[in-house]
Amino acid sequence: MTNKKNDPYEALRYKEFRAYLVARFLITIALTMQAVIIGYEVYEITNSKLLLGLIGLTEAIPAIGIALYGGYVADKSEKRNMLITFVSLYTLMCLFLLVVTHTNFANFASKQTIVFLIFVVIFITGIARSFSGPASFGLSAQIIPREVYQSAITWSSGAWQSGAVLGPAVGGLLLGKLGITTTFIIIIVMLSIAIFSLFQIDKKPILFTPQNESVYESAMQGLKFVFHNKVILSCISLDLFAVLFGGAVALLPVYAKDILHVGAEGLGWLRASQAIGAIFMLMILAYFPIKKHAGLILLVAVFGFGIFIILFGISTIFWFSMFCLIMSGALDGVSVSIRHTIVQLATPDDMRGRVSAVNSMFIGSSNEIGEFESGATASLLGTVPAVIFGGCMTCVVVVVTYFISPSIRKMELK
């Protein structure tokens with residue numbers, strides 16, 4: 001008999017969680033495929049590196065700006081239907097992109113009009129993210145028992161990382177082999193299957209009861225909760241600074257072309273390396289979940305992440321650079337697993353949407369802002385010094401957190 005306490009497949013034994021996992025994987029791979037296609041198309045039309053940099057910022061601004069309201073709406077709504085609604089919006093936006101980028105449309109619309117419409121879609125996608133993220137977070141907690149959260153988070157993170165690895169590779173391959181129209185059709189099919197999977201989940205009760213307070217006051221409750229919970233705040237802050245300062249992804253094209261001299265194919269492997277490391281680590285954590293000394297392990301993982309980013313920054317050997325990125329991804333997988341488990345366990349059921357919104361404000365959009373920071377720092381200091389600086393700042397944040405947050409040092413996940 002399998003010991004239930006150590007059963008790595010415990011969460012997968014729940015039918016609704018399996019449906020949720022399929023949907024999460026397909027949504028992730030579809031949206032990352034779409035991001036690759038959008039970037040390629042915008043650069044193909046404009047040949048502008050500045051517009052490439054603005055793509056992430058265009059999505060991040062609405063995602064951050066209305067995140068608290070999105071969390072409030074998620075808490076007072078039935079989460080399955082809310083998630084289905086916004087995945088349907090993603091699907092409609094993809095259909096719109098299919099039309100806008102089609103050859104027949106380009107025959108009577110100017111290039112400026114096409115690019116403008118693409119950026120409108122990116123902006124709307126950022127808005128949808130503010131609502132779909134909290135809805136997904138709240139729904140995942142309602143389809144499994146509390147004691148299965150850590151197993152579920154490990155598999156859920158693995159599904160996301162797998163989609164993040166496959167999305168850019170599959171998107172680029174299909175774009176080159178089948179063309180932009182067929183690739184968009186495949187993305188629409190994936191999102192449609194995701195919606196079908198979500199319909200396999202029963203509607204869940206609404207646990208939030210509005211009090212005599214304004215929408216603004218209610219939305220701000222999530223922010224107040226996070227800032228009053230020292231453990232959650234410390235975990236989110238750690239992850240935020242690790243991504244903000246340690247994000248070398250924006251500079252990978254420079255490393256591939258000018259430092260490692262491996263070209264486009266090498267760039268593809270470099271981009272996939274961190275996610276590959278995270279997937280392997282999450283598979284290990286499925287069998288050996290972290291229970292004891294979780295806080296110390298989290299601090300060590302983020303510190304190690306910073307060290308491997310520094311080593312990547314100074315490396316001029318391709319295989320060693322890949323190794324550093326794989327290890328940084330694996331350590332980031334440890335951080336993600338612990339942080340998500342803490343947030344799930346410590347958040348009251350009626351506040352999951354609002355707390356998830358705060359989490360997405362700090363973490364979900366830090367990738368785009370981190371890429372902007374990396375590019376700005378590289379322009380001032382140079383590419384290698386910028387990456388080394390980011391890794392060092394990540395390590396400094398860990399040391400400071402160790403001394404000012406005893407609660408995280410003592411944290412357990414028993």
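A nonpolar core is a set of buried Ala, Val, Leu, Ile, Met, Phe, Trp, Tyr and Cys residues joined through side-chain atoms within 4.5 Å. In this predicted model, the largest such core has 63 residues, and those with the most contacts inside it are F17, V87, I118, F184 and I187. At least two residues of this core are supplied by each of the helices α1, α3 (67-75), α4 (79-100), α6, α7 (149-178) and α8, and the largest share, 14 residues, comes from α1. When neighbours within four places in sequence are left aside, I187 is in contact with A30, M33, Q34, I37 and C94. Apart from the core to which I187 belongs lies another core, of 51 residues, which includes M220, L299, A330 and V387.

Alongside these nonpolar groups, the structure holds two salt bridges. One of them joins E16 and K204, whose closest N and O atoms are 2.6 Å apart. This pair links distant parts of the chain, since E16 is in helix α1 (residues 15-46), whereas K204 is in the loop between α8 (180-198) and α9 (215-228), 188 residues apart from E16. Both E16 and K204 are buried.

The side chains of R129 and E59 also meet in a salt bridge, with a distance of 3.0 Å from N to O. Here too distant parts of the chain are linked, R129 being in helix α6 (residues 111-142) and E59 in helix α2 (residues 49-65), 70 residues apart. Because its relative accessibility is 23%, R129 counts as partly exposed, a class that lies between buried, under 20%, and exposed, over 50%.

Key. Residues are numbered from 1 along each chain as its sequence is written. This is a predicted model: local features need pLDDT of at least 70, side-chain atom pairs count only at pLDDT 80 or more; totals for chains, interfaces and linings use all residues. Side-chain values use heavy atoms; hydrogens and water are left out. A salt bridge is a side-chain nitrogen of Lys or Arg within 4 Å of a carboxyl oxygen of Asp or Glu. Helices (H or I, at least four residues) and strands (E, at least two) are DSSP runs, numbered from the N terminus. Buried means under 20% relative accessible area, exposed over 50%, partly exposed in between (1.4 Å probe, protein chains only). Contact means heavy atoms within 4.5 Å.
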